[in-house]
Amino acid sequence: MRIDIITVLPELLESPLSHSILKRAQTKGILEVNVVNLRTFSPFKSKQVDDYQYGGGAGMVMMCEPLSLCIEQLKSERTYDEVIYMTPDGNTLNQKMSNSLSLKNNLMIICGHYKGIDERIRQLYVTQEISIGDYVLSGGELGAAVLVDTVGRLIPGVLSDETSALTDSFQDNLLAPPVFTRPEEFKGLKVPEILLSGHDKNIADWRYNKALERTKTRRPDLLEE
Ligand code: ADE
């Protein structure tokens, strides 16, 4: 999969994309992430990318011209399955959306800043608008990093133990069951006996029941879906 991210702050994306699973995915050649500095597409001498909003009011708006030039340049190089705009008024990201996006070949992600991007860019180019939660970030970059992380780890071949993504929280609309590692006893708290039994079927049943219990108490809404 190839992901192009359009941003005015490329530095903000460097670290989240270059560690752990995302790093491995890129080293393996399964994922290619290309960060594009929007300012380099500004046709203005000042390299301006934002301007005051029509109608007045505080906050700048990201202008049409740099975004349009940048998006059209990228589109001339490949066909995108989705052009995604990170915005608090988008659809809230969930595991189902991540699963679906992980099956695509080419994604473009636009990070907004200030008051956001000119509405006409949304109308002309954007195919999906995604929010990472009901709160406002200073820009779309952290949201884009979250999106690339959740999607990137689901691309087949990225996780070394392929089944581990299948038992994550939210996969099958269930939260994950509790997990334990050594030692068997810590500050008087023991690892549940069944996990030491070596009985795979009983362990799987226990985990399922714990996941169900946890989901019922913490996120009953997931079970209604
Ligand atoms: N940009 C600003 N706030 C955001 C949010 N909650 N999700 C995605 N992008 C954003």
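This note sets out points on the nonpolar cores and the ligand site of a predicted model.

1. The largest nonpolar core holds 25 residues, and Ile5, Ile109 and Leu147 touch the most other members. Two or more residues of this core come from each of β1 (2-7), α1 (11-17), α2 (20-27), β5 (82-92), α4 (95-101), β6 (106-111) and α6 (141-152). The greatest contribution, 5 residues, is that of α6.

2. Ile5 merits a closer look. Leaving aside residues up to four places away in sequence, Ile5 is in contact with Leu13, Leu17, Val33, Asn34, Val35, Val36, Ile109, Cys111, Ala144 and Val148. Separate from the largest core is another, of 20 residues, which includes Ile6, Leu74, Ile110 and Ile121.

3. The ligand is enclosed by Met86, Thr87, Pro88, Ile130, Ser131, Ile132, Gly133, Tyr135, Val136, Leu137 and Gly139. Within this shell, 7 residues are nonpolar, 4 are polar and none is charged. Both β5 and β7 (128-131) provide at least two of the shell residues, and β5 has the largest share, with 3 residues.

4. Polar contacts to the ligand involve the protein backbone at three residues, including Tyr135, where a polar backbone atom is 2.8 Å from a ligand nitrogen atom. For Ile132, a backbone N or O atom lies 2.9 Å from a nitrogen atom of the ligand. The corresponding distance for a backbone N or O atom of Thr87 is 3.3 Å, again to a ligand nitrogen atom. The ligand taken alone exposes 260 Å², of which the protein buries 95%.

Conventions. Residues numbered from 1 in each chain as written. Predicted model: local features only at pLDDT ≥ 70, side-chain atom pairs only at ≥ 80, totals over all residues. Heavy atoms only, no water. Core = buried A, V, L, I, M, F, W, Y, C linked by side-chain atoms within 4.5 Å. Buried < 20%, exposed > 50% of the residue type's maximum accessible area, 1.4 Å probe, protein only. Helix = DSSP H or I, 4+ residues; strand = E, 2+ residues; numbered from the N terminus. Contact = heavy atoms within 4.5 Å. Near = heavy atom within 4 Å. Polar contact = N/O pair within 3.5 Å; in protein donor to acceptor, adjacent residues only side chain to side chain. Areas by Shrake-Rupley, 256 points an atom, 1.4 Å probe, with all protein chains shown as cover. Nonpolar A, V, L, I, M, F, W, Y, C, P; charged D, E, K, R; others polar.
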